[in-house]
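These are my notes from going through one model, entry by entry. I looked up strands, nucleic acid contacts and unusual backbone geometry, in that order.

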There are 2 protein chains.
Amino acid sequence: MTKHRITLKDIAEKLGITVTTVSKALKDYPDISEDTKKKVHALAKKLNYQPDSQAVALRGKGSKTIGLIIPEIVHYFFSSVINGIMNHAESNGYRVLITLSNNRLEMEKKQVNLLFSTKVDGVLVSLTNETKGTKHFDILKEYDIPVVMFDKVDNKFHCNKVTIDDCLGGYNATKHLIDSGCQRIAHIRGPKKPLNSIGRFEGYKKALIEANMVFDPSLVKECTEVVYDEGYQFCKELLKLPKPPDGIFAVTDQVGVGALNALKDAKLNIPEDMKIVGFSDSQIAQVSQPPLTTIHQPGYEIGETAAKLLIEDIELRKKDPNHMFGSKQIVLDTHLIKRGST
Amino acid sequence: MTKHRITLKDIAEKLGITVTTVSKALKDYPDISEDTKKKVHALAKKLNYQPDSQAVALRGKGSKTIGLIIPEIVHYFFSSVINGIMNHAESNGYRVLITLSNNRLEMEKKQVNLLFSTKVDGVLVSLTNETKGTKHFDILKEYDIPVVMFDKVDNKFHCNKVTIDDCLGGYNATKHLIDSGCQRIAHIRGPKKPLNSIGRFEGYKKALIEANMVFDPSLVKECTEVVYDEGYQFCKELLKLPKPPDGIFAVTDQVGVGALNALKDAKLNIPEDMKIVGFSDSQIAQVSQPPLTTIHQPGYEIGETAAKLLIEDIELRKKDPNHMFGSKQIVLDTHLIKRGST
DNA sequence: ATGGATAACGTTAACGTTTTCGTTCACATA
DNA sequence: TATGTGAACGAAAACGTTAACGTTATCCAT
C-alpha cells in the first residue's frame with residue numbers, strides 16, 4: 001500500500017547503472033561523465049528523489065542537526081532567541097531539534113541524553129534556575145559534541161557563551177532615572193537564583209553609589225515569580241513607605257507594567273510623579289500607557305550569535321579534527337529605549 | 001581523539017557474545033536467558049549505552065520524530081501551541097522538529113520537503129496566509145505520512161484538523177457588547193486572506209442581524225498587518241465619524257489594546273463611553289488598563305489535541321497497515337473572558 | 001537408539017548512503 | 001608490440017541496529 005521511497009537504487013536501475021555512480025553523479029564527482037550526470041539529475045528531479053538523512057547520518061560524520069534545550073517557550077524573550085537560532089541554522093543547512101526543560105533540572109538531564117542519542121552535531125542551552133553543577137553535560141564533552149550556552153550560563157563550564165551584561169543594563173536603567181532627576185530610586189528585583197537578576201541588582205547599586213546616593217534596602221523588593229501581580233503589589237507597598245521613591249527600576253517589563261498600573265490606580269502621574277524603567281523590551285512595554293522605558297535585550301541576536309558560534313565549532317572540527325572548541329564569552333550590548341514612563 | 005560511541009558491538013565483545021544477543025537482551029526477547037539479560041543490562045548501564053537513533057530509524061519503520069511547520073514563533077498564540085505539542089509529543093516518546101515558514105508559501109514548500117527527507121513520522125502544520133492550494137503536501141499523502149492541520153487549515157485537504165470556531169467567537173464577542181448595552185458596534189477586522197478573520201467578521205455580522213441591528217459597513221475597518229498601531233489609528237478614525245460607535249470588537253488583542261489606548265488618549269472613559277472586546281487572550285490583554293475583555297483561544301489545547309491526533313494516526317498505522325488516517329475536524333471551545341473594558 | 005521438543009544463542013541480510021579501491025576499455029606513446 | 005595514461009564506471013565495505021531464520025545442545029518420550 002504505502003509507496004516506497006525513491007532511493008539511489010531506483011534511479012540506478014532505471015538508468016542501468018549502479019548506485020555508486022548515481023551517488024557520485026549527484027554529488028558532482030569528477031570521475032563521472034557530464035552525460036551521465038545530466039541523466040541522473042534529470043531522473044532524480046523527475047522522481048523527486050530526497051536523500052534519506054538517516055542513512056546519510058549513519059554513514060557520514062554529522063547529522064546536520066543541532067539540539068536546543070530551553071527552559072520555556074511561551075515567553076517573548078525565548079521565542080525571539082529561538083527565532084534567531086532557527087534562521088541562522090536553517091540558512092546554514094542545519095535542522096534544529098528543540099527540547100524543553102520546563103525549568104526543571106531533571107528534565108534538563110533527560111534532554112541532554114536524548115539529544116546525545118539523537119546524535120546532534122551540537123547543543124545550545126539556556127540553563128534552568130535549578131541547575132547548579134554541569135556534570136550532566138560531561139557526556140557531550142566526552143564525545144566531543146560542542147556546546148554553546150546562552151542567557152543562563154554556567155561560569156565554570158568550558159564552552160562558548162553568549163549573554164548580555166545584566167549589570168550594565170541595570171546600571172544604565174538606574175543611571176537614566178538619576179539623570180532624569182530621580183532622588184530616591186526603588187528596585188523591584190528578581191529572585192537570588194538566576195544570575196541575571198543578581199546582575200541587574202548589582203548595576204542598580206553601582207549607579208546609586210557612583211551618583212553618591214544612599215543605597216536604602218527598604219527600597220528593594222524581591223519577586224519570587226517575577227510576574228505582573230508582584231510588580232503591582234510591591235509598587236503599592238513602596239507607595240506606603242514614609243518616604244516613597246520617585247523612581248522605580250523593575251527587573252522585567254511584566255513587573256514594570258504591574259508597577260505602572262499600580263501607580264495609575266493610585267492616581268499618580270507618570271512620569272511626573274514617578275518614573276519607571278523595565279527590562280527586556282517585550283511587547284507589553286510598547287503598549288502600556290504610557291509606554292514603558294526599558295532596556296532592550298537583543299533576543300534575536302543572542303540566538304543568532306549562539307547558533308553561529310556553535311556551527312562554527314562544528315564546521316571547524318569537521319575540517320580539522322584537532323580544532324579546539326571555543327570558550328569565548330560574548331556579551332551583547334543592551335541599550336535603553338526611552339519611552340513615556342520616564 | 002574523539003571517543004567513539006558505545007555500540008552493541010562493544011557490549012557484545014566485552015561479554016563474549018554477539019550483537020544480536022545483546023540487542024535481544026536489551027529488548028527483553030524471550031529467547032534470552034535471564035542471566036545474560038542481567039549481564040547485558042548491567043554493562044549497558046555502566047557504559048551508558050545509548051542506542052543510535054539513526055540506525056534504529058534506518059532499520060525500522062519510524063523515526064519517532066514529528067515535524068512541525070509554523071508561520072512564526074514570536075507570538076503568544078503560536079508559542080502556546082508549540083508548548084502543547086511538545087509536551088504531548090515528548091511524553092509519548094516523540095521528538096519534535098520545528099520549522100518556520102515565516103508566512104511564506106515558498107518556505108512552506110521547502111519545509112515540507114525537508115521534513116519528508118528527514119523521514120518524520122508525521123507532520124503538524126499551520127498554513128501561511130499565502131497558501132492557497134495544497135499540492136505541496138501531496139508528497140506526504142503519497143508516502144502515507146499523516147498530517148494534522150491546526151489553526152490555519154485547508155478545507156479541501158483530507159486530514160485531521162484542529163481549529164476554533166472563529167465565527168462563534170466573533171459572535172460571542174459581539175453578543176457580549178450587545179448584551180452590555182451597545183447600540184452601534186464597530187469591528188476592526190483582519191485582512192481577507194486567512195480564514196480566521198473572515199470567520200470572526202461573519203460572527204460579528206451574525207450577532208448584529210440576530211439582534212435586529214443594522215450592519216453599517218462604515219463601522220468596519222480592515223487591518224493589513226494586524227498590529228497595535230492599526231488598532232490605534234482605526235479607532236481614531238471611528239471616533240471622527242458623524243455617529244461614532246459605542247462598542248468595538250477587535251480581531252486581536254493587539255489591535256484591541258491599540259484601540260483602547262486611542263480611546264484613553266481621546267479622554268474617553270472605558271467602559272462607560274465605549275466598550276471593547278479583543279480576541280486571543282494574550283498577555284497584553286491582562287495588563288492593559290482597563291484589562292481587555294477578550295475571547296480566550298486555547299493555544300495549548302490546540303497544540304495538545306493536534307499532537308494527540310497525529311500520534312494516534314501514527315501508532316494505529318503501525319499496528320494495522322490498513323488503518324486509514326482520520327479526517328475529523330475538531331473545533332475547540334473558545335470562551336469570553338470578561339474584564340474591565342466592557 | 002531414534003525422533004522431537006525446547007532453550008539459548010548465532011548467522012545473515014537488510015535499511016540507504018558514501019567512499020576507497022579496483023576494473024575495464026580506449027587511446028597514445030616508446 | 002609492449003607500456004603507460006586517463007576517463008568512466010563498478011564492487012565492496014562500512015555505519016549500527018534488527019528480525020527472520022539457523023544452529024546447536026540437552027533432555028525426554030517412544
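In which sense do β1(A) and strand β2 of chain A pair, and over how many bridges? I found the parallel sense, with six bridges between β1(A) and β2 (residues 95–100) of chain A. I note at the start that this is a predicted model.

**Entry 1: β1 of chain A**

I took one pair from the β1(A)–β2(A) ladder as a reference: Ile66(A) is placed opposite Val96(A) in β2(A). I then looked for the connection and found that β1(A), helix α5 (residues 76–91) of chain A and β2(A) form a β-α-β unit, which is right-handed.

I also checked strand β3 (residues 122–125) of chain A. It runs parallel to β1(A), and four bridges join the two. Here Gly67(A) is the residue opposite Val123(A) in β3(A).

Next I asked how many residues of β1(A) are buried. Six of the six residues in β1 (residues 65–70) of chain A are buried, so the strand is largely enclosed by the rest of the structure. I use under 20% relative accessible area as the cut-off for buried. I split the strand by face: Thr65(A), Gly67(A) and Ile69(A) are buried on one side, and Ile66(A), Leu68(A) and Ile70(A) are buried on the other, which leaves both faces covered.

**Entry 2: the four-stranded sheet of chain A**

I read the strand order of this open sheet as β7-β6-β8-β9 (chain A), with parallel pairing. Which strands stand at the edges? They are β7 (220–222) and β9 (275–277) of chain A; each has a single partner strand, so one side of each has no neighbour in the sheet. From one strand to the next I get an average twist of 15°.

I looked at one pair in detail. β7(A) and strand β6 (residues 185–189) of chain A pair in the parallel sense, with three bridges. His187(A) has Val220(A) in β7(A) as its bridge partner.

**Entry 3: DNA strand C**

I listed 24 residues around DNA strand C; the nearest are Leu8(A), Tyr49(A), Arg59(A), Thr21(B) and Lys24(B). By class, the surface near this strand has nine nonpolar, eight polar and seven charged residues. Of the strand C atoms within 4 Å of the protein, 60% are sugar or phosphate atoms and the rest belong to bases.

I then went through some polar contacts. For the phosphate, a backbone N or O atom of Ser33(B) is 3.0 Å from a phosphate oxygen of DNA strand C. For the bases, a polar side-chain atom of Arg59(B) is 3.4 Å from a base nitrogen of strand C, and a polar backbone atom of Ala55(A) is 3.5 Å from a base nitrogen of strand C. I noted that the elements giving two or more residues to this surface are α2 (19–26) and α4 (53–59) of chain A, together with α2 (19–26) and α4 (53–59) of chain B.

**Entry 4: DNA strand D**

I listed 23 residues around DNA strand D, of which Thr21(A), Lys24(A), Tyr29(B), Tyr49(B) and Arg59(B) come nearest. Of the strand D atoms within 4 Å of the protein, 66% are from sugar and phosphate. The surface near strand D has nine nonpolar, eight polar and six charged residues. At least two residues of that surface come from each of α2 and α4 of chain A and α2 and α4 of chain B.

Which part of DNA strand D lies 2.7 Å from a polar side-chain atom of Asp31(A)? I found a base nitrogen there. Phosphate oxygens of strand D lie 2.8 Å from a polar side-chain atom of Thr36(A) and 3.1 Å from a side-chain N or O atom of Ser23(B).

**Entry 5: backbone geometry**

I looked for exceptions here because most residues other than glycine have a negative phi, and most peptide bonds are trans.

- I found a cis peptide bond between Ile270(B) and Pro271(B), with omega about 10°; Pro271(B) is in the loop between α11 (253–265) and β9 (275–277) of chain B.
- I found another cis bond from Gln289(B) to Pro290(B), with omega near -5°; Pro290(B) is in the loop between α12 (283–287) and β10 (294–296) of chain B.
- Asp144(A) has a positive phi, near 60°. It is in the loop between α7 (138–142) and β4 (147–150) of chain A, and is partly exposed at 21% relative accessible area.
- Lys267(B) has a positive phi, near 65°. It is in the loop between α11 and β9 of chain B, and counts as exposed at 72% relative accessibility.

Technical notes
Residues are numbered from 1 along each chain as its sequence is written. Chains are lettered from A and ligands numbered from 1 in the order in which they are written. This is a predicted model: local features need pLDDT of at least 70, side-chain atom pairs count only at pLDDT 80 or more; totals for chains, interfaces and linings use all residues. Side-chain values use heavy atoms; hydrogens and water are left out. A residue is near a molecule or strand if one of its heavy atoms lies within 4 Å of it. A polar contact is a pair of N or O atoms within 3.5 Å; within protein, one must be able to donate a hydrogen and the other to accept it, and residues adjacent in sequence count only if both atoms are side-chain atoms. Ala, Val, Leu, Ile, Met, Phe, Trp, Tyr, Cys and Pro count as nonpolar, Asp, Glu, Lys and Arg as charged, and the others, Gly among them, as polar. Buried means under 20% relative accessible area, exposed over 50%, partly exposed in between (1.4 Å probe, protein chains only). Two strands pair if DSSP finds at least two bridges between them. A crossover is right-handed if, with the strands pointing away from the viewer, the path from the first strand over the helix to the second runs clockwise. Axes are lines fitted to C-alpha atoms, for helices over the stretch in contact, and angles run from 0 to 180 degrees between N-to-C directions.
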